[in-house]
Each structure stands twice: as C-alpha cells, then as structure tokens.
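Thanks for coming. Please have the sequence and the 3D view open while I go through a few local features.

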Amino acid sequence: MKPEEIERMRDEALDAFAAAGDLDALQAAKVAHTGGTSPLALANREIGALPPQAKAEAGKRIGQARGAVSKALAGRQAELEAERDARVLVEEAVDVTLPHDRVPAGARHPLTTMMERVADVFVSMGYEIAEGPEVEAEWFNFDALNFVPDHPARQTQDTFFVQGTREDGKPTVDDESGIVLRTHTSPVQARALLDRELPVYIVCPGRVYRTDELDATHTPVFHQIELLAIDEGLTMSDLKGTLDHMVKALFGADMKTRLRPNYFPFTEPSAEMDMLCYVCRGESVGNPDKPCRTCSSEGWIELGGCGMVNPRVLVACGVDPEKYSGFAFGFGIERMLMFRHNVEDMRDMVEGDVRFTRPFGMEI
Ligand code: DAH
C-alpha cells in the first residue's frame with residue numbers, strides 16, 4: 001500500500017467534496033469516499049494483513065488521510081448548509097405587504113339592512129318584531145282580514161296557491177287548497193292578535209309572493225314591513241304621528257307624510273300614505289326649472305297603505321272593538337330601496353351581482 005495511493009484516495013475525496021454543489025451531491029460524495037466500500041475503508045481493512053512494521057506505518061497514513069477527509073467533509077457540509085439557509089431566507093421570505101385575504105368578507109343584502117333599519121325605528125319606540133309563515137293559510141291571508149270570498153286578490157292570477165290533497169287522494173285544483181304563499185305581511189296582524197296579550201305593538205318584516213313576472217318594477221318575491229298597534233284609545237292621529245316619525249328617522253328631520261283616501265278590506269278608514277319626495281323635498285312642484293325624476297315633479301312619493309284596523313278584523317281575532325282600536329300600515333321594501341338609493345331596475349336586487357351590492361357598503 002503505497003503512500004501515493006493513499007494520498008490519491010484522500011485527494012480524490014477532497015476534490016469530490018469541493019466539487020459537490022449542493023447537499024445532495026455532498027451526501028453522494030460522502031457515501032463514495034467514506035462509506036464501507038470506499039477506497040479508504042477498503043484500504044483500512046487491508047492493514048490487518050500487513051507485516052507489523054508496514055502495518056503501523058500504513059495505519060498512521062490511512063488514519064491521517066481519513067482524518068483529513070472527514071474534516072473536509074464537515075467543512076464542506078457546513079458551507080453548503082450555510083448557503084442553503086441563506087437561499088431559503090431569500091426564496092421563502094414572506095412579503096407581509098401582499099394582500100393576505102383575497103376572499104372578500106360576506107355582507108348582507110341591502111334589502112335586509114333596509115328592512116332592519118326600518119324595524120329598528122319601531123323597536124326603539126317599544127314595538128316588538130313579529131313573524132309569520134310564508135306558506136300561509138288562506139284564512140289568515142284573506143278571510144281574517146275581511147277579504148270577501150270572491151275578492152279578485154284571491155284568484156290565481158294574483159296569488160300562488162299551494163297544491164293540496166283532497167280526501168280521495170287527488171290533488172286539488174290550485175285554489176281549492178286553502179294554503180297560499182302569503183301575498184302580504186298583513187296575516188301576521190291576525191296571528192299576533194290571536195297569540196299575544198293586549199295591547200299589541202308589533203312590526204313584521206318579511207318576504208311575500210305574488211304571481212308577477214320579474215321586470216324592472218315587479219318581482220314575484222318581494223319584501224314588506226307591516227306595522228300593527230292595538231290599544232285602548234288609539235286614533236288616526238296616532239297613525240299619522242307614527243308615520244311622520246318613521247320618515248323623519250329614515251329620511252331626515254324635514255320629512256313628512258300625507259294620507260290620501262283609499263280602500264283596504266282590513267282597515268276602515270283606509271289611506272294611501274305618501275312621503276315628501278326624498279330627492280327634491282317638494283321643490284320641483286310648479287317649478288319647471290327644477291324637475292325631479294324621482295317623483296315626476298309631483299313632490300310626493302307613494303309609500304304604501306295604512307288605516308285604522310277594521311273592527312271586523314278585531315272581532316275575527318277575538319278582540320273587543322268596543323274597548324280596543326288601532327292602526328296598521330304596510331309597504332314594500334324594494335320600492336323604498338329604489339327611491340332611497342335611485343335603483344332603477346328591481347332585477348338588480350334579485351340577481352345577486354356583487355357589483356350592485358358593493359356600493360351599499362359592507363354592513364355585517
Ligand atoms: N297589505 C297591503 C298590501 O300588500 C298593504 C297594507 C295596506 C298594509 C293597509 C296595511 C294596511 O297594514 O293597513 O298591499
């Protein structure tokens with residue numbers, strides 16, 4: 001075993017370590033030059049067969065060579081690890097200024113927030129929120145509210161009847177079922193009077209249905225808010241004051257309402273309620289220089305219906321009309337959203353495009 005051979009083995013190992021460009025290559029070089037079958041390991045094994053003098057000498061040389069090899073290995077290992085760590089720090093650095101959340105937070109629909117805003121006005125006056133089913137008995141939707149049996153609203157061109165089953169198991173023709181999708185929130189009036197202790201002060205937001213085609217000003221599914229106050233001694237001036245308070249709270253302190261005679265079966269007298277035009281505040285009336293698109297220069301916007309609860313409704317719900325009286329009103333939320341926010345097409349409210357919803361803000 002010549003000294004040059006041992007030096008060559010050592011130098012080959014040192015060259016291989018120096019040439020290893022990464023930790024994987026170094027690992028391969030380590031196996032090749034220090035493993036059990038590496039030239040130096042094999043040489044080491046041969047020492048035993050040498051005569052004593054040669055054994056000591058060869059042992060010393062090989063020992064030194066292996067020492068140099070493992071030192072070089074450790075040195076290169078440290079170098080390559082330091083390089084890797086430095087590279088990882090750069091390559092895997094996190095840019096904390098990047099947008100971290102590309103999924104926008106959800107938010108409620110402007111119709112929902114509008115409905116809550118209106119309901120809150122009444123809750124702050126002590127009213128309670130009341131709700132009723134959307135699939136409603138015809139009795140609550142019509143009969144209890146004094147709609148005569150042949151009232152046009154009861155026909156299938158206005159009302160969705162839910163198909164029922166006759167005693168003989170056959171499906172009913174639509175309008176025999178006695179079950180409808182409620183056409184207004186007014187049936188909650190009757191439910192509240194039957195369920196609650198008097199006096200009753202409730203506000204009922206909810207979804208209602210009519211057999212309209214979806215277009216710019218109609219939708220078959222829409223929302224209403226209903227108000228009902230039944231107590232001793234309530235009069236029409238309480239109704240008027242309540243309406244005025246509502247429009248002031250929602251549209252500003254200079255707002256007011258006016259009532260125009262109308263007919264609803266469940267109120268007597270009944271009125272159509274208008275509010276001052278929220279855009280021109282009435283200034284467009286008789287003023288051709290300042291026309292108003294929102295109210296067509298009429299100065300008023302129609303909001304909904306109202307009136308003093310018809311004694312027949314009170315009787316149908318077990319309330320003594322000699323002792324109690326009260327008022328009710330109801331209006332559509334879609335319409336209010338339209339004129340409050342200049343929404344021109346109702347379809348925008350139902351189609352779910354966030355480009356419509358976003359400008360309303362992200363109220364949660
Ligand atoms: N329910 C009526 C509708 O959908 C609106 C209405 C009118 C509600 C008069 C009332 C009321 O409470 O008193 O057209």
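I'll start with the aromatic residues. F122, Y127, Y201, F329 and F331 form one aromatic cluster. For pairing, rings of Phe, Tyr and Trp (its six-membered ring) need centres within 6.5 Å; planes under 30 degrees apart count as stacked, over 60 as edge-to-face and the rest as tilted.

Before going on, a note on the source: this is a predicted model, in which local features need pLDDT of at least 70 and side-chain atom pairs count only at pLDDT 80 or more, while totals for chains, interfaces and linings use all residues. Residues are numbered from 1 along each chain as its sequence is written, and side-chain values use heavy atoms, with hydrogens and water left out.

How many aromatic pairs does the structure hold? There are 11. In one of them, F251 and Y278, the ring centres are 5.1 Å apart and the planes meet at 65°, so this pair is edge-to-face. The pair links distant parts of the chain, 27 residues apart: F251 belongs to helix α8 (residues 236-251), and Y278 to the loop between β7 and β8. Helices (H or I, at least four residues) and strands (E, at least two) are DSSP runs, numbered from the N terminus.

Are these two residues buried or exposed? F251 is buried, at 6% relative accessible area, and Y278 is partly exposed, at 26%. Buried means under 20% relative accessible area, exposed over 50%, and partly exposed in between, with a 1.4 Å probe and protein chains only.

That same loop between β7 and β8 holds S296 and S297. Phi is positive in S296, near 50°, and in S297, near 60°; neither S296 nor S297 is a glycine. S296 is exposed, with 55% relative accessible area, whereas S297 is partly exposed, with 24%.

Next, strand β7 itself. T267 is in this strand, which covers residues 267-276. T267 is buried, with a relative accessible area of 2%. Its side chain makes a polar contact of 2.6 Å with the side chain of S270. A polar contact is a pair of N or O atoms within 3.5 Å; within protein, one must be able to donate a hydrogen and the other to accept it, and residues adjacent in sequence count only if both atoms are side-chain atoms. Which residues does T267 touch, leaving aside neighbours within four places in sequence? They are C306, G307, M308, V309 and N310, where contact means heavy atoms within 4.5 Å.

P269 also lies in β7, and the peptide bond joining E268 to P269 is cis, with omega about -5°. Another cis bond runs from L198 to P199, with omega near -5°. P199 is in the loop between α7 (187-195) and β4 (200-209).

Last, the ligand. It has 15 residues around it, of which H184, S186, R210, Q224 and E226 come nearest; a residue counts as near if one of its heavy atoms lies within 4 Å. Strands β5 (221-231), β8 (300-309) and β9 (325-332) each supply at least two residues of this shell.

A polar side-chain atom of Q189 is 3.1 Å from an oxygen atom of the ligand. Backbone N or O atoms also approach a ligand oxygen: one of A328 at 3.2 Å, and one of F329 at 3.4 Å. Taken alone, the ligand exposes 360 Å², and the protein buries 89% of that. These areas come from the Shrake-Rupley method with a 1.4 Å probe; for residues, only the protein chains shown count as cover.
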